[in-house]
Amino acid sequence: MSARSRGTELDLSWISKIQVNQPAVLRRAEQIQARRTVKKEWQAAWLLKAVTFIDLTTLSGDDTPSNIQRLCYKAKYPIREDLLKALNMHDKDITTAAVCVYPARVCDAVKALKAAGCSIPVASVATGFPAGQTHLKTRLEEIRLAVEDGATEIDVVINRSLVLTGQWEGSDFIKTSTGKETVNATFPVAIVMLRAIRDFFWKTGNKVGFKPAGGIRSAKDSLAWLSLVKEELGDEWLKPELFRIGASTLLSDIERQIYHHVTGRYAAYHDLPMS
Amino acid sequence: MAATRAAPHAREIFTSLEYGPVPESHTCALAWLDTQDWCLGHYVNGKWLKPEHRDSVPCQDPTTGETLASCLQAQAEDVATAVEAARTAFKSWSAQPGVARGRHLTRLAKVIQKHQRLLWTLESLVTGRVVREVRDGDVQLAQQLLHYHAIQASTQEEALAGWEPMGVIGLILPPTFSFLEMMWRICPALAVGSTVVALVPPASPTPLLLAQLAGELGSFPGILNVISGPASLGPVLASQPAIQKVAFCGALEGGLRLLIQESVWDEVMRRLQERMGRLRSGRGLDGAVDMGTRGAAACDLAQRFVHEAQSQGAQVFQAGDVPPERPFYPPTLVFNLPPASPCAQAEVPWPVVVASPFRTAKEALAVANGTPRGGSASVWSERLGQALELGYGLRMGTVWINAHGLRDPSVPTGGCKESGCSWHGGPDGLYEYLRPSGTPTQVSCLSKNMNYDTFGLTVPSTLPAGPEIGPSPAPPYGLFVGGRFQAPGARSSRPIQDSSGNLHGYVAEGGAKDIRGAVEAAHQAAPGWAGQSPGARAGLLWALAAALERRKSTLASRLERQGVELKAAEAEVELSARRLRAWGARAQAQGHTLQVSGLRGPVLRLREPLGVLAVVCPDEWPLLAFVSLLAPALACGNTVVMVPSAACPLLALEVCQDIATLFPAGLANVVTGDQDHLTRCLALHQDVQALWYFGSAQGSQFVEWASAGNLKPVWVSRGCPRAWDQEAEGAGPELGLRAARTKALWLPMGD
């Protein structure tokens, strides 16, 4: 994660001045998806790049050490070795950007990653995820415990009652949603958030990261997200320090697409290891 | 595992995250060209027409210069063949019930849907336009246009009762055009029962493909005929006797002017440049580019403009991912152009944007309206009140608020000023190809020996013509300009005789200077009158109606002296008063709201005044025709300069006495004199926004010729008398249609 944003004096007039032209945003969202496709080796390379942005996530009530371990192994070896070799990418050390788990599973994840001998960071959702409706005291304590267990990144659910009443908080990264809502990461919303990030950068020189999460399941979606960030913020945002995709099933679809690219065949379910 | 098809340089792309080519296969376009043996002719009467001994020009891929096919150039006899086919087809096509025509158009839409890949790859291949734009935009809209007009055709008998199709329409298309421009014009024409001969420039295969698709539907093969040939064939097509109307569209420039308020100038420029930097140009058939090419000529045009702008002191910003070689030209932003420099006035070529700052909205409006063009504009502002104020104030055919470039079949698209006065889409588009039932068909009666230089140039001198005798009091004298009777500049008069050959009275002999004064007075009154509520306009027309009734006996006796029987004379006065009242009522029912698909929010179809409308009245019905023309013009918010009946202008002058006391000065001006001379002065006046002429065929021809100078809308009678006492001809919807212009104001909404 980038050096902490230096922060700036909170100027709420910036926020109150913001105007969103919704129909124009919708049009722009459509355009980016339609105009920025990539094919063939470009698609393969972009997909591998997308892998390096994934916060490989499991946020289930029934997570246990065994499936966390499997997740961590998948984070370390996201794409089958022979496929990477075929693309001459086997020495690029392609891993996901992080694994993302509940606070109670941080310990398991850290242990599993250490066992796999890699330095993939562990991210933890915290602060009463996903609603955030717990006391400030327990929220802070939750963060502290997760960090103690070895989490190096914390996805904080902000207190939305404060936001809705105009009391904002600052952050290093902004995330579209928890992934647990009925509507999660959508392009129109993302455009508004990315423009806000750009404005903030223009005004203060601080780069804030962006993480869409929830509902990003297909390889094609992930490509659209990459080009969206590329178009709106530029290549400098296309690195794990500033861009993450929160997803659980996306990786397997990417692997299937890579398989198809390399072999010319569609993979059977059992051709690729599960995560 | 299957054989590896790995890419050699995924490693580099992984680091650079470049975009790659996304080529759209155009094999089907090539296969279609192959079916024609790489030689395209014309498509006439449901068959390919490939006459021998014709010149041919190559159709080239604008990106590579590679020759794709050769295209035969039509000659006059091919044009005649096509027109004959369309004329024959018109007989059966126009006789079909609307429902049957609607069904046929729907079938065409379905055929387009089935062959859309061929259509979009062919269009992109030969024009260099971005395939995604053609595929997601044009091809879809083409189908929507057909469906919309199919519905209009199905309800024609009820919705458009009293109108009939014109006949064979000649359509002339410019060198750079999208096939969609053709669709906007042929759909309404075919829907209402007209048939079409389209003359497309050399090397335009897409219209030929469309004609083939339409022709292969089987029934009605001759309704759409496409011939390709040089621009010099345009007059040949236009002068074919069977052609009832010629529609043409000019070359599309496509550059933009941007007016940015000073307070946000820096912010907007920064964002604009940022976004331009991300634009990608390339071969049109690449699915991931934003801009294609419009060929070498467009590239040269842009280059020349940018160089000139630079030499005139402008700054230039160019960016984007653009292939370095011709015919690609980068998106270009020109700014700091001195306002008085020639480039600041010139038309901006594609892909150039000229940005200039303004201080107040009022200033922006003045700049935007200060050009001869009046096609479309968009207003971007978060202040709704201000945006609407500008939207209403812009003299444009289409205005988008916080959006740009939206189009829909149900929304009329057109323009004003030199952007032309014809309409496509919506109800307005249908009327372009209709005429009131019973109107005599237009015979091509252009006189070859018409001398435009001398028509109406001089006024025959007039001398005293004996004593003024008769029962009626002395008629009012003078030109009615700016709210009062004035002496003519020439200080001479012309005698008006009554039906028995005696002198009825003298009227002032108006001339060029008087016309100038009258147009000026009308312009001064125009903003005030256009700003009046319809209710206020109606009030004034009703007041004039009452005044006419009070003056009934004088008016009737003057009509009697012109040989009208007393009963009929009184009836004419009464009918005139009724006309004023009727138009007063109609003034209050103008414009409406449209709802289009794919857009939340309304589109307002506004009916706006034309501005200063000049009317040359017919000889017949000296009172009724005058009033029947004055009333719709005023009801729609125009100010007028009228030339009353040459045979008896005295009736109009009588009415002017009431106008003087009731109306604001300059609203209605009446200039008497030699009709040909005054017609000449009005037709050649560049600041008259529209001209109605009811007179000789020769005068009509002159009016059309002279008005081409500023493309003002004209309405001419070609020497055919009208039944002014009949409802359809004297007060029908045609007058209302012609007395105002449409503006489409798009108001997308969103939270």
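Let's start with B:Glu704. It is partly exposed, at a relative accessible area of 30%. Keep in mind that this is a predicted model. B:Glu704 has a partner, B:Arg718. Their side chains meet in a salt bridge, 2.8 Å from N to O. The two residues are 14 apart in sequence. B:Glu704 sits in helix H24 of chain B, residues 697–707. B:Arg718 sits in the loop between strand S28 (714–716) and helix H25 (727–731).

Next, a network in chain A. Salt bridges with shared partners tie together A:Asp55, A:Glu153, A:Asp155, A:Lys175, A:Lys211 and A:Arg244. How many salt bridges does the structure hold over all chains? The count is 56.

Back to chain B for two more of them. B:Arg407 pairs with B:Glu181, with the closest N and O atoms 3.5 Å apart. This pair spans 226 residues of the chain. B:Arg407 is in the loop between strand S16 (398–401) and helix H16 (426–431), while B:Glu181 is in helix H8, residues 179–192. Buried or exposed? Take B:Glu181. B:Glu181 counts as buried, at 13% relative accessibility. B:Arg407 is partly exposed, at 30%.

The other is B:Arg373 with B:Glu347. Here too the closest N and O atoms are 3.5 Å apart. The separation along the chain is 26 residues. Both ends lie in loops: B:Arg373 between helix H14 (361–369) and strand S15 (376–379), B:Glu347 between H13 and S14. B:Arg373 is partly exposed, at 24%. B:Glu347 is also partly exposed, at 38%.

Now to where the two chains meet. On chain B, 44 residues are in contact with 47 residues of chain A. The buried area between them is about 4100 Å², and carbon and sulfur atoms give 54% of that. Which three residues supply more of chain B's buried area than any other three? They are B:Phe14, B:Leu17 and B:Tyr19, and together they supply 20%.

What about polar links across this interface? There are 13 residue pairs in polar contact, counting pairs with both residues at pLDDT 80 or more. Three helices of chain B each give two or more residues to the side that touches chain A: H1 (10–16), H6 (131–154) and H11 (265–276). H1 gives the largest share, six residues. By type, that side of chain B divides into 20 nonpolar, nine polar and 15 charged residues. Four salt bridges also cross the interface. One pairs B:Arg11 with A:Asp91, with the closest N and O atoms 2.7 Å apart.

Stay with B:Leu17 for a moment. Its place is the loop between H1 and helix H2 (27–35) of chain B. Why does B:Leu17 count as buried? Because its relative accessibility is 3%, and the cut-off for buried is under 20%. Its backbone stands out too. Phi is positive, about 50°, though B:Leu17 is not a glycine. Most residues other than glycine have a negative phi.

Chain A has a case as well. A:Lys40 has phi near 55°, again a positive value in a residue other than glycine. A:Lys40 is in helix H3 of chain A, residues 40–51. Unlike a buried residue, A:Lys40 is exposed, at 56% relative accessible area.

On to peptide bonds. Most are trans. Which ones are cis here? The bond from B:Arg326 to B:Pro327 is cis, with omega near 0°. B:Pro327 is in the loop between strand S12 (315–318) and strand S13 (332–335). Another cis bond joins B:Trp350 and B:Pro351, with omega about -5°. B:Pro351 is in the loop between helix H13 (342–345) and strand S14 (352–358).

One more residue: B:Lys743, in strand S29 of chain B, residues 740–746. This lysine is buried, with a relative accessible area of 0%. What does its side chain reach? The backbone oxygen of B:Leu394, at 2.6 Å. The backbone oxygen of B:Gly391 lies 2.8 Å from a polar atom of that side chain. Beyond its sequence neighbours, B:Lys743 touches residues including B:Trp423, B:Arg605 and B:Glu608.

Last, the overall layout of chain B. The domain assignment gives domain 1 (23–248), domain 2 (254–359) and domain 3 (479–591 + 609–740). The centres of domain 1 and domain 3 are 42 Å apart, taken over C-alpha atoms.

Technical notes: Residues numbered from 1 in each chain as written. Chains lettered and ligands numbered in written order. Predicted model: local features only at pLDDT ≥ 70, side-chain atom pairs only at ≥ 80, totals over all residues. Heavy atoms only, no water. Contact = heavy atoms within 4.5 Å. Buried area = accessible area lost by both parts, 1.4 Å probe. Polar contact = N/O pair within 3.5 Å; in protein donor to acceptor, adjacent residues only side chain to side chain. Helix = DSSP H or I, 4+ residues; strand = E, 2+ residues; numbered from the N terminus. Nonpolar A, V, L, I, M, F, W, Y, C, P; charged D, E, K, R; others polar. Domains from an automatic or database assignment. Buried < 20%, exposed > 50% of the residue type's maximum accessible area, 1.4 Å probe, protein only. Lists of a residue's contacts leave out its neighbours within four places in sequence.
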